[in-house]
Amino acid sequence: MTTAEWLLRAGFPYYKTVGMRRVTTNPVDLAVADGMLYVLNRSSVQTEIRKISLDDEDLGTISGQGSDPGKLQWPVQILLDSEGKLYVSDEATDRISIFDPDGEFVGSWGQSGAADGDLSRPSGITFDSDENMYVADTMNHRVQKFTRDGKFLGKW
């Protein structure tokens, strides 16, 4: 994955800055698609996904803080699939939450435990070329492979 420092060193010019402190407080990850930034903010007082246009227009929030389905407690990473759905790993709830492109909660999967398919503090997530998801299952000391819908496919 390319970082901003590498891009600058490669000679890419500075373009613009988006986001203000009130909008992007404590950002931990972001996803970019179709001129939109989805900024994953995490703190003890503000845990949410903020939608921001590349023109720096604040388009509101997705989710919010809590342990109920559709809420985020200690999110780590955010991904977009080919349909524009957002996937968020949450270490505190041991689940992957899914939101549609408009920010509506679609569902979640994952449960606490150590058996195949169970999660314990899922952190990093990524898709392969078939859009199967790899999850860094942190406290179980393994990586697990799932379908986008959460069907367990394998581990190592």
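## Strands and pairing

Strands here are DSSP runs of type E with at least two residues, while helices are runs of type H or I with at least four residues, and both are numbered from the N terminus. Two strands pair if DSSP finds at least two bridges between them.

This is a predicted model, in which local features need pLDDT of at least 70 and side-chain atom pairs count only at pLDDT 80 or more, while totals for chains, interfaces and linings use all residues. Residues are numbered from 1 along each chain as its sequence is written, and side-chain values use heavy atoms, with hydrogens and water left out.

## The sheet of β1 to β4

An open sheet is built from four strands in the order β1-β2-β3-β4, and its pairing is antiparallel. The edges are taken by β1 (27-33) and β4 (58-62); each has a single partner strand, so one side of each has no neighbour in the sheet. From one strand to the next, the twist averages 20 degrees; axes for such angles are lines fitted to C-alpha atoms (for helices, over the stretch in contact), and angles run from 0 to 180 degrees between N-to-C directions.

Six bridges hold the antiparallel pair of β1 and strand β2 (residues 36-41). Which residue of β2 is the bridge partner of Ala 31? The partner is Tyr 38. Ala 33 is likewise matched with Met 36 in β2. β1 and β2 form a hairpin with two residues between the strands, and there Asp 34 takes a positive phi near 50 degrees.

## Arg 50 in β3

Arg 50 belongs to strand β3 (residues 48-53). Its relative accessible area is 11%, so Arg 50 counts as buried; buried means under 20% relative accessible area, exposed means over 50%, and partly exposed lies in between (1.4 Å probe, protein chains only).

Arg 50 forms a salt bridge with Glu 48, and their closest N and O atoms are 3.2 Å apart. A salt bridge is a side-chain nitrogen of Lys or Arg within 4 Å of a carboxyl oxygen of Asp or Glu. Glu 48 is buried too, at 11% relative accessibility. The side chains of Arg 50 and Glu 48 are also listed as a polar contact of 3.2 Å, and a polar contact of 2.3 Å joins the side chains of Arg 50 and Asp 58. A polar contact is a pair of N or O atoms within 3.5 Å; within protein, one must be able to donate a hydrogen and the other to accept it, and residues adjacent in sequence count only if both atoms are side-chain atoms.

## Salt bridges and a network

The structure holds nine salt bridges. Side chains of opposite charge can pair when their charged atoms come close. Among the residues linked in a network of salt bridges are Glu 83, Lys 85, Glu 131 and Arg 148, and Asp 81 belongs to the network as well.

Within the network, Glu 83 and Lys 85 meet through their side chains at 3.5 Å, N to O. Glu 83 is partly exposed at 46% relative accessibility, and Lys 85 is partly exposed at 26%. The side chains of Glu 131 and Arg 148 meet in a salt bridge at 2.9 Å, N to O. Glu 131 lies in the loop between β9 (122-127) and β10 (133-137), and Arg 148 in the loop between β11 (142-146) and β12 (152-155), so this pair ties together parts that are 17 residues apart in sequence. Glu 131 is buried, with a relative accessible area of 17%, whereas Arg 148 is partly exposed at 22%.

## The sheet of β5 to β8

Another open sheet has four strands in the order β5-β6-β7-β8, again with antiparallel pairing. At its edges stand β5 (75-80) and β8 (105-109), each with a single partner strand, so one side of each is left without a neighbour in the sheet. The twist here averages 20 degrees from one strand to the next.

β7 and β8 run antiparallel and are joined by four bridges. Phe 99 has Phe 105 as its bridge partner in β8.

## Arg 95 in β7

Arg 95 is part of strand β7 (residues 95-99). How far away is the nearest side chain of opposite charge? That side chain, Asp 90, is 5.5 Å from Arg 95, which is buried yet has no salt bridge. In this count Lys and Arg are positive and Asp and Glu negative, while His and the chain ends are not counted.

A polar atom of the Arg 95 side chain lies 3.3 Å from the backbone oxygen of Lys 71. Leaving aside residues up to four places away in sequence, Arg 95 touches several others, including Ser 67, Asp 68, Lys 71, Asp 90, Trp 109 and Pro 122. Contact means heavy atoms within 4.5 Å.
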